[in-house]
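Reader: I am new to this structure and should be grateful for a close look at a single part of it. Please set that part in its surroundings as you proceed.

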Amino acid sequence: MNENWKRISAVIEMAGMTANFFAHHIGLSCGENLYQIKRGNNGISRDVAERIVAKFPEINKAWLLTGEGSMF
């Protein structure tokens, strides 16, 4: 499992959602963006990070983007 997906997965798990429901919850039209991250084809974009932090302000955006620091 790649590091970007580990961080996204941790947030999804914390939220108690499926990946697809989470994608819709943060305003993505489908879960494809997340699955591209899971497959390692894409990193976490600033747009996706900002969408996540808008819905979950307790999440550290710097951690989400880089893995540095703590999740909260």
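Reader: In which helix is the place of Lys55?

Author: The model under discussion is a predicted one, and Lys55 has its place in helix H4. This helix comprises residues 46-55.

The setting of the helix may be described first. The protein contains five helices and zero strands, and its pattern along the sequence reads α-α-α-α-α. Its radius of gyration is 11 Å, close to the 11 Å that the globule rule gives for 72 residues, so the protein is as compact as a globular protein of that length. The C-alpha trace extends over about 30 × 25 × 20 Å along the principal axes. Of the 72 residues, 33% are buried. The surface that the protein exposes amounts to about 4,100 Å², and 50% of this is supplied by carbon and sulfur atoms. When contacts between residues at least 6 apart in sequence are considered, 50% of them join residues at least 24 apart.

Lys55 itself is partly exposed, because its relative accessible area is 44%, a value that falls between the limits of 20% for buried and 50% for exposed. Residues up to four places away in sequence being set aside, Lys55 touches His25 and Ile26. A separation along the chain can also be compared with one in space: Lys55 and Arg39 are 16 residues apart along the chain, and their C-alpha atoms are separated by 24 Å.

Other residues of helix H4 take part in salt bridges. Asp47 forms one with Arg51, and the closest N and O atoms of this pair are 3.0 Å apart. Both residues lie in helix H4, four residues apart, which is about one turn of the helix. Asp47 is partly exposed, since its relative accessible area is 41%; Arg51 is likewise partly exposed, with a value of 29%.

Glu50 provides a link from helix H4 to another helix. Its side chain meets that of Lys61 in a salt bridge, with an N to O distance of 3.6 Å. This pair links distant parts of the chain, for Glu50 is in helix H4 and Lys61 is in helix H5 (residues 61-66), 11 residues apart. Glu50 has a relative accessible area of 43% and is therefore partly exposed. Lys61, at 31% relative accessibility, also counts as partly exposed.

The count for the structure comes to four salt bridges. Among them is a pair in helix H1 (residues 3-15), where Lys6 and Glu3 lie three residues apart, about one turn of the helix. Their side chains meet at 3.2 Å, N to O. Lys6 is partly exposed, because its relative accessible area is 39%.

Arg7, also found in helix H1, presents another case. Arg7 is buried yet has no salt bridge, and the nearest side chain of opposite charge, that of Glu3, is 5.0 Å away. This distance does not meet the criterion for a salt bridge, because a side-chain nitrogen must lie within 4 Å of a carboxyl oxygen. With neighbours within four places in sequence left aside, the contacts of Arg7 are Ile44, Trp63, Leu64, Leu65, Thr66 and Gly67.

The account may now return to the end of helix H4. Phe56 lies in the loop between H4 and H5. Phe56 is buried, because its relative accessible area is 9%, which is under the limit of 20%. Apart from neighbours within four places in sequence, Phe56 is in contact with Val11, Met14, Ala15, Met17, Phe22, His25 and Ile26. Phe56 and Phe72 are 16 residues apart in sequence, and the C-alpha to C-alpha distance between them is 9.9 Å.

One of the contacts of Phe56 is Phe22, which brings the aromatic rings into view. A pair of such rings is described by the distance of the centres and the angle of the planes. The structure holds one aromatic pair. In this pair the rings of Phe22 and Phe56 have their centres 5.8 Å apart and their planes at 15°, so the pair is stacked. Because Phe22 lies in helix H2 (residues 19-25) and Phe56 in the loop between H4 and H5, the pair ties together parts that are 34 residues apart in sequence. Both Phe22 and Phe56 are buried.

Conventions
Residues are numbered from 1 along each chain as its sequence is written. This is a predicted model: local features need pLDDT of at least 70, side-chain atom pairs count only at pLDDT 80 or more; totals for chains, interfaces and linings use all residues. Side-chain values use heavy atoms; hydrogens and water are left out. Helices (H or I, at least four residues) and strands (E, at least two) are DSSP runs, numbered from the N terminus. Buried means under 20% relative accessible area, exposed over 50%, partly exposed in between (1.4 Å probe, protein chains only). Rings of Phe, Tyr and Trp (its six-membered ring) pair if their centres lie within 6.5 Å; planes under 30 degrees apart count as stacked, over 60 as edge-to-face and the rest as tilted. Lys and Arg count as positive and Asp and Glu as negative; His and the chain ends are not counted. Contact means heavy atoms within 4.5 Å. The radius of gyration is taken over C-alpha atoms; the globule rule is 2.2 Å times the number of residues to the power 0.38. Accessible areas come from the Shrake-Rupley method with a 1.4 Å probe; for residues, only the protein chains shown count as cover.
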